[in-house]
Amino acid sequence: MEVLHYEFYIGASPDQVWDTLFQPENTKKIFYGCTLESSFETGSSFQYVGPGKDGKRTIHLYGEVLSYEPGVKFSCLEHPGPSYKENHEELASRMTYLFVPVGDCTKLTLINDQWSENHPSYESTKSHWWMILSNIKTLAETGKTLHFGF
């Protein structure tokens with residue numbers, strides 16, 4: 001599987017973009033009602049938790065924090081939640097966000113790589129990152145999110 005690599009220029013500082021991704025009220029807006037739970041120490045666990053199809057608390061993604069440098073870099077090894085795939089522990093990829101100041105903007109780079117072989121979520125992830133990253137950009141710049149009709 002090829003590396004998924006996206007770059008966005010956002011009219012906000014690296015700290016503002018960071019807060020857009022990691023402040024619970026913003027995380028919920030971007031990641032469909034999910035919050036990110038972690039101590040954010042390198043080697044610690046994390047999980048995106050939010051309502052499932054039945055409305056109950058569901059772990060959508062979980063994994064290990066590889067790097068946490070506020071306003072600079074976040075990297076993690078992630079797995080789909082147990083309710084998605086029976087073999088969720090075998091399925092993994094690495095996500096890395098990089099925040100680089102460019103003038104009074106931020107270049108946000110997302111690299112999603114190290115996919116486990118035949119990962120069933122690869123194709124849908126490839127298409128959904130565009131929507132999530134567009135929403136991050138819009139929220140950081142305007143304070144509003146996009147409405148995708150679902």
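## Strand pairing, buried serines and a helix crossing

S67 touches T42, K73, F74 and S75, leaving aside residues up to four places away in sequence. The model described here is predicted. S67 itself lies in strand β4, which covers residues 57-69. With a relative accessible area of 11%, S67 falls under the 20% limit and is therefore buried. Its side chain makes a polar contact of 3.3 Å with the side chain of E69.

**The β4–β5–β6–β7 pairings**

Strands β4 and β5 are antiparallel partners, joined by eight bridges. Within this pair, Y68 stands opposite F74 of β5. The hairpin formed by β4 and β5 has three residues between the strands, and G71 adopts a positive phi near 80° there.

Strand β5, residues 73-80, also pairs with β6; these two strands run antiparallel and share six bridges. Two of the facing positions can be named: K73 stands opposite L98 in β6, and C76 has M95 of β6 as its bridge partner. Strand β5 is mostly covered, since six of its eight residues are buried.

On to the next pairing: β6 is joined to strand β7, residues 105-113, by nine bridges, again in the antiparallel sense. Here M95 stands opposite N112 of β7. M95 is thus named in both pairings of β6, facing C76 and N112. The hairpin of β6 and β7 has two residues between its strands, and G103 takes a positive phi near 60° in that hairpin.

**S93 in strand β6**

S93 belongs to strand β6, which spans residues 93-102. Is S93 buried or exposed? Its relative accessible area is 0%, below the 20% limit, so S93 is buried. Beyond residues up to four places away in sequence, S93 touches C76, L77, E78, N112, D113, Q114 and W115. Two of these neighbours, E78 and N112, also form polar contacts with S93 through their side chains. The side-chain polar contacts of the two serines are listed below.

| Serine | Partner side chain | Polar contact |
|---|---|---|
| S93 | E78 | 2.5 Å |
| S93 | N112 | 3.0 Å |
| S67 | E69 | 3.3 Å |

N112 therefore has two roles in this description, as a polar partner of the S93 side chain and as the residue of β7 that M95 faces.

**Helices α1 and α3**

Helix α1, residues 14-22, packs against helix α3, residues 122-142, at an angle of about 120°, and their axes are 9 Å apart. The contact is made by V17, T20 and L21 on the α1 side and by I136, L139 and A140 on the α3 side. How are α1 and α3 oriented to each other? An angle of about 120° lies outside the range of 65 to 115 degrees that counts as roughly perpendicular and is not over 145, so the two helices are oblique. Their crossing is right-handed.

**F31 in the α2–β2 loop**

F31 is located in the loop between α2 (24-30) and β2 (35-38). Its relative accessibility is 11%, and F31 therefore counts as buried under the 20% limit. Setting aside residues up to four places away in sequence, F31 touches L21, Y48, Y97 and I132. Among these, L21 is also one of the α1 residues in the contact with α3. From C-alpha to C-alpha, F31 and E7 lie 19 Å apart in space, with a separation of 24 residues in sequence.

Conventions
Residues numbered from 1 in each chain as written. Predicted model: local features only at pLDDT ≥ 70, side-chain atom pairs only at ≥ 80, totals over all residues. Heavy atoms only, no water. Helix = DSSP H or I, 4+ residues; strand = E, 2+ residues; numbered from the N terminus. Buried < 20%, exposed > 50% of the residue type's maximum accessible area, 1.4 Å probe, protein only. Polar contact = N/O pair within 3.5 Å; in protein donor to acceptor, adjacent residues only side chain to side chain. Contact = heavy atoms within 4.5 Å. Pairing = 2+ DSSP bridges. Axes fitted to C-alpha atoms, helices over the stretch in contact; angles between N-to-C directions. Parallel < 35°, antiparallel > 145°, perpendicular 65-115°, else oblique. Left-handed = near helix turned anticlockwise from the far one by under 90°.
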